[in-house]
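Q: Please take a close look at one strand of this model and the parts around it. Set it in the context of the rest of the structure as well.

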Amino acid sequence: MDHYQERVALQGHIIDSLVLAKVLDLILMMGGTFDLEDVHIGKTREEPSHARIVIKTASKTLLDDILKAIQPHGASVEREANCRTQPAPADGILPEEFYATTHLPTRIRLQGRWVEVDGIEMDLAVRVDEQHSTAHTIPMGEVREGNQIVVGREGVRVTPLQRPSERDVFGFMESQVSAERPHGPVIADIASRMHHLREQHRLGRSGSNILLAGGPAIIHAGGREALTWLIEQGFIHILFCGNALAAHDMEADLYGTSLGYGLRAGRTVPHGHEHHLRTINRIRAIGSIKAAVTSGVITHGIMAACVRQGVPMVLAGTIRDDGPLPGVITDSVQAQSAMRALIPGVRLALLVASTLHAVATGNLLPATVPTVCVDVNPSVPTKLADRGSFQTVGLVMDAASFLAELARALGRST
Amino acid sequence: MSRLLVCPPDFFGIEYEINPWMRLSNRVDHDRAVHQWHELMRVLEQDIGVALERISPLPGLPDLVFTANAGVVVGRTAVVSRFRYPERRREEVHFARWFREHGYDVMSIEEGLYFEGAGDLLGFPDYWFGGYRQRSDIRVFPILSERFHREIIPLELVDSRFYHLDTCLCPLSGGDLLYFPEAFDSYGQTAIAERVSSGFRLAVPEDEALKFACNAVSVGKHVVLPIGCPATQSWLRDRGYETHTVHLDEFMKSGGSAKCLTLALD
């Protein structure tokens with residue numbers, strides 16, 4: 001992707017003299033690319049023409065070299081304004097006109113220089129450091145009085161996503177959600193990405209994490225074994241879930257039930273509805289999920305696999321939670337920032353069978369992260385796309401079937 | 001009657017080096033230079049019937065003799081040059097004063113842009129060519145084009161020996177053109193070829209281009225050019241022009257010839 005760009009203007013009799021052609025050729029020959037933003041061709045011989053060209057390059061040096069080479073031919077850099085900042089009036093309060101981010105790559109102009117905004121995420125503000133040399137997104141609640149916050153839209157550039165070079169399901173970026181779409185090829189593409197990312201991850205490459213955010217339907221529907229296998233095989237590197245997924249996963253280990261249903265028998269067992277409460281109570285008594293696994297109380301399942309594989313988990317609580325389990329973050333803002341802290345380095349996100357966690361995670365992800373949303377209810381991936389996560393590939397299918405098919409595609413024998 | 005601005009070569013000489021022709025060691029034979037200049041004036045005045053306006057020469061301004069670089073005159077407006085080299089910048093005030101004293105509206109180019117007058121801007125009645133990169137800045141042309149409602153086709157000069165457009169391109173009355181293609185890049189050559197069809201233009205051979213065959217003064221059907229350019233001369237005659245040749249080798253030591261020594265006033 002071309003990260004550096006500058007807009008130049010060219011005017012005069014640039015068509016018949018071939019000056020425009022020469023400038024465009026120079027850009028290409030030197031290794032840059034361009035977008036012709038606006039070309040006006042004079043209607044008469046006397047009337048001048050003008051063109052606005054956005055030059056894009058992969059390096060700052062190349063951009064400077066190209067600008068230097070085309071300036072003698074009349075191309076002048078359109079001086080853009082620096083972005084404006086204002087101090088936050090109080091802790092947790094943004095200046096009135098704060099710039100609200102999108103989840104697309106964004107740069108701001110500081111002291112004549114284009115600076116990449118770090119930690120890109122939608123619906124945040126942008127904080128500039130005191131030296132005016134770096135910029136980072138910041139949630140409203142974390143703002144401290146006096147923080148320099150970008151205001152207005154001047155000097156802010158959002159780069160639309162370029163079509164990825166990979167020609168798989170993520171290459172289309174069309175947010176199509178359809179129950180009629182065949183799942184096989186989509187799952188095969190996801191598996192192939194996961195395979196590649198696991199290799200990268202094993203080599204210790206940064207930016208190769210696979211995130212799974214899931215709901216308890218994974219356990220209820222019978223996807224527990226497949227997901228456990230995926231974690232054990234090193235295909236999942238971060239887990240976001242709530243109290244329920246963890247509780248029912250461990251309930252299954254201790255009682256063989258999920259919300260009281262016998263997972264093998266497929267029917268309720270006497271007093272089964274108490275199982276998850278007893279599970280939560282047992283883990284609370286032990287003190288942590290990790291201790292429950294290391295002490296051998298919990299021997300198998302998603303939680304056990306995560307603890308053994310060292311997969312970081314964020315358990316975000318909700319208003320209807322029982323217990324909750326130790327480690328569940330009940331303060332939503334704190335849970336959000338714990339999740340946010342794990343987002344850098346995520347290269348693929350699987351959002352499975354949870355409206356709440358899918359939307360919450362979708363909000364945190366930059367548009368550059370390929371995302372899959374799996375739900376039996378088509379409204380979930382649709383909702384995610386409607387809320388702006390247009391990079392999401394929606395799969396309308398049952399969580400257990402998805403995880404089983406995915407695991408099979410990645411080599412699990414059933 | 002055509003009027004040309006000229007400057008007697010009283011103080012002409014080589015006092016600095018700002019183009020590949022100039023060599024401080026290559027001394028000008030002053031008497032010979034004066035004689036050649038007067039011969040050119042005689043041809044212009046007597047053989048062709050041009051009216052000459054003389055600007056007074058000044059000591060310390062050896063290149064004032066090259067009046068083509070004073071600026072460009074369109075109707076009653078004179079656009080005074082802004083020279084790229086400080087050595088010639090002191091000529092600007094002198095030329096500006098002359099234009100003002102002779103009733104012209106003087107227009108100057110904004111600070112930071114260079115423009116060397118009729119040396120880099122010449123053309124046909126309905127459109128002009130503008131030479132850039134060596135001395136003049138391409139950004140000047142849209143300004144002049146807007147001011148004078150004239151199309152100006154910029155041409156990049158790529159050979160430092162042909163540092164002004166009037167050293168390698170000469171539009172003639174009747175739409176003919178002398179030019180030395182290699183002084184332009186392929187874009188410029190294509191632009192010229194698309195404007196002037198092949199029968200109307202002569203690609204001057206290199207040996208004659210280096211004698212500044214293109215630095216010719218064109219007045220109606222008369223063309224004054226330096227001596228020693230037979231191919232150019234013969235093509236001009238075939239095209240119906242009356243040619244006049246003059247010895248100007250003393251001025252060639254400074255990188256100028258017939259055209260450089262004159263400025264068309266109207």
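A: Some context on chain A comes before the strand itself. Chain A has 13 helices and 20 strands as its secondary structure. The model is predicted. Of the 414 residues in chain A, 43% are buried. Among the contacts in chain A with a separation of 6 or more, 64% are between residues 24 or more positions apart.

Chain A also meets chain B: 15 residues of chain A are in contact with 18 residues of chain B. On the side of chain A that touches chain B, β1 (4-12) and α1 (19-29) of chain A each supply at least two residues. The largest share of that side, 3 residues, comes from α1(A). By class, the side of chain A that touches chain B consists of 5 nonpolar, 6 polar and 4 charged residues.

The strand chosen for the close look is β13 of chain B, residues 222-226. Because 5 of its 5 residues are buried, β13(B) is largely enclosed by the rest of the structure. Two strands pair with it, and they are taken in turn. Strands of a sheet pair through backbone hydrogen bonds, either parallel or antiparallel.

With strand β12 (residues 217-219) of chain B, β13(B) pairs in the antiparallel sense, over 3 bridges. Within this pairing, V223(B) in β13(B) has S218(B) opposite. β12(B) and β13(B) form a hairpin with 2 residues between the strands, and G220(B) takes a positive phi near 55° there.

With strand β14 (residues 242-246) of chain B, the sense is parallel, and 5 bridges make up the pairing. P226(B) has V246(B) in β14(B) as its bridge partner. Helix α7 (residues 230-238) of chain B belongs to the connection: β13(B), α7(B) and β14(B) make a right-handed β-α-β unit.

Next, the nonpolar cores. In soluble globular proteins, nonpolar side chains tend to be buried together. The largest nonpolar core here has 95 residues, of which L178(B), C214(B) and A216(B) touch the most other members. Helix α1 (residues 30-48) of chain B gives the most to this core, namely 5 residues. Apart from this core lies another, of 78 residues, including V169(A), I219(A), I283(A) and V374(A). Once neighbours within four places in sequence are left aside, C214(B) is in contact with T167(B), C168(B), L169(B), C170(B), L178(B), Y179(B), F180(B), V204(B) and A209(B). L178(B) thus appears among these contacts of C214(B) and also among the residues that touch the most other core members.

Chain B also contains an open sheet of 3 strands, in the order β3-β4-β5, with mixed pairing. Since β3 (71-74) and β5 (105-108) of chain B stand at the edges, each with a single partner strand, one side of each is left without a neighbour in the sheet. From one strand to the next, the twist averages 25°. β3(B) and strand β4 (residues 77-80) of chain B run antiparallel and are joined by 4 bridges. The bridge partner of G71(B) is V80(B), in β4(B). Helix α3 (residues 91-101) of chain B packs on this sheet and touches β3, β4 and β5 of chain B. The direction of α3(B) makes about 175° with that of β4(B).

Methods
Residues numbered from 1 in each chain as written. Chains lettered and ligands numbered in written order. Predicted model: local features only at pLDDT ≥ 70, side-chain atom pairs only at ≥ 80, totals over all residues. Core = buried A, V, L, I, M, F, W, Y, C linked by C-beta atoms within 7 Å. Buried ≥ 20, exposed ≤ 12 C-beta atoms within 10 Å, placed from the backbone. Contact = placed C-beta atoms within 7 Å. Pairing = 2+ DSSP bridges. Right-handed = clockwise from strand over helix to strand, strands pointing away. Nonpolar A, V, L, I, M, F, W, Y, C, P; charged D, E, K, R; others polar. Axes fitted to C-alpha atoms, helices over the stretch in contact; angles between N-to-C directions.
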